[in-house]
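Please read the following points alongside the model, which is a predicted one. They take up charged pairs, surface and confidence in turn.

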Amino acid sequence: MVQEKEHVDQGQVPEQGQGYSMDRLSEAFETSARRWELIVYPSLFAFIILAAYGFFLVYSLAKDVHYLAVSVDSNMTVLASNMQSVSDNMGNMTANIRTMSGYMSEINDKVSTLEPMLETIGSMDRSIQSMTLSTYIMRQDMSRLNHSVSRPMTFMNSFMPW
């Protein structure tokens with residue numbers, strides 16, 4: 001016992017105590033390992049499921065982007081042909097506008113020849129106004145004459161046999 005005390009005093013555990021401590025350490029480690037197994041294995045399983053689902057999402061996204069790229073490519077081909085048609089039509093429109101510009105300059109020249117005619121038409125307008133005024137005065141004079149002559153004629157007609 002004295003030797004055991006010496007071993008204990010020196011900080012060493014007796015041999016029988018070391019085996020017991022190792023057993024306790026082993027049991028504590030196994031208990032801790034079981035606890036970790038209850039956490040780690042389901043977590044690992046969930047991670048594998050989430051990784052597979054993530055792979056599926058990336059795969060479906062890649063497939064959708066592929067379909068989108070094919071669709072955009074075919075639509076771009078149609079758009080390119082339509083743009084060529086628009087370009088051709090713009091060329092035709094430019095030619096037509098050039099032709100119209102030539103016609104407009106001809107119309108401008110012809111309108112400039114109409115300016116002396118406008119002066120003549122203005123003169124004719126003033127003459128017609130003068131004629132209208134003269135006709136109006138003649139009408140008034142005829143109305144006065146009719147009024148002046150009709151009274152005595154009415155009286156005289158009563159004496160006439162016809």
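1. A salt bridge is taken here as a side-chain nitrogen of Lys or Arg lying within 4 Å of a carboxyl oxygen of Asp or Glu. By this rule the count comes to 2 salt bridges, and each is described below.

2. The side chains of arginine 34 and glutamate 30 meet this criterion, with an N to O distance of 3.7 Å. Both residues belong to helix 2, where they are 4 residues apart, or about one turn of the helix. Glutamate 30 has a relative accessibility of 41% and therefore counts as partly exposed, given that this class covers the range between under 20% for buried and over 50% for exposed.

3. The other pair to consider joins aspartate 141 to arginine 144, whose closest N and O atoms are 3.5 Å apart. Here too the partners lie in helix 2, with a spacing of 3 residues that again amounts to about one turn of the helix. Aspartate 141 is partly exposed at a relative accessible area of 41%, whereas arginine 144, at 52%, counts as exposed.

4. As for the overall fold, the chain contains 2 helices and 0 strands, and helix 2 spans residues 15-157. How much of the chain is buried? Buried residues make up 0% of the 162 residues, while the chain exposes about 15300 Å², of which carbon and sulfur atoms supply 65%.

5. On that surface, a nonpolar patch of about 980 Å² is made by Leu68, Val72, Met76, Leu79, Met83, Val86, Met90, Met93, Ile97 and Met100. Leucine 68, one of these residues, is found in helix 2 and is exposed, with a relative accessible area of 53%; it can therefore enter a patch, since patch residues need over 30% relative accessible area.

6. Turning to confidence, the mean pLDDT of the chain is 83, and 83% of its residues reach 70 or more. Over residues 1-9, however, the pLDDT is below 50, and beyond near neighbours in sequence this stretch has 2 contacts in the model. Where pLDDT is low, the predicted coordinates should not be read in detail.

Conventions: Residues numbered from 1 in each chain as written. Predicted model: local features only at pLDDT ≥ 70, side-chain atom pairs only at ≥ 80, totals over all residues. Heavy atoms only, no water. Buried < 20%, exposed > 50% of the residue type's maximum accessible area, 1.4 Å probe, protein only. Areas by Shrake-Rupley, 256 points an atom, 1.4 Å probe, with all protein chains shown as cover. Patch = residues over 30% accessible without salt bridge, like charges linked within 9 Å, V, L, I, M, F, W, Y side chains within 5 Å. pLDDT = per-residue confidence, 0-100. Contact = heavy atoms within 4.5 Å.
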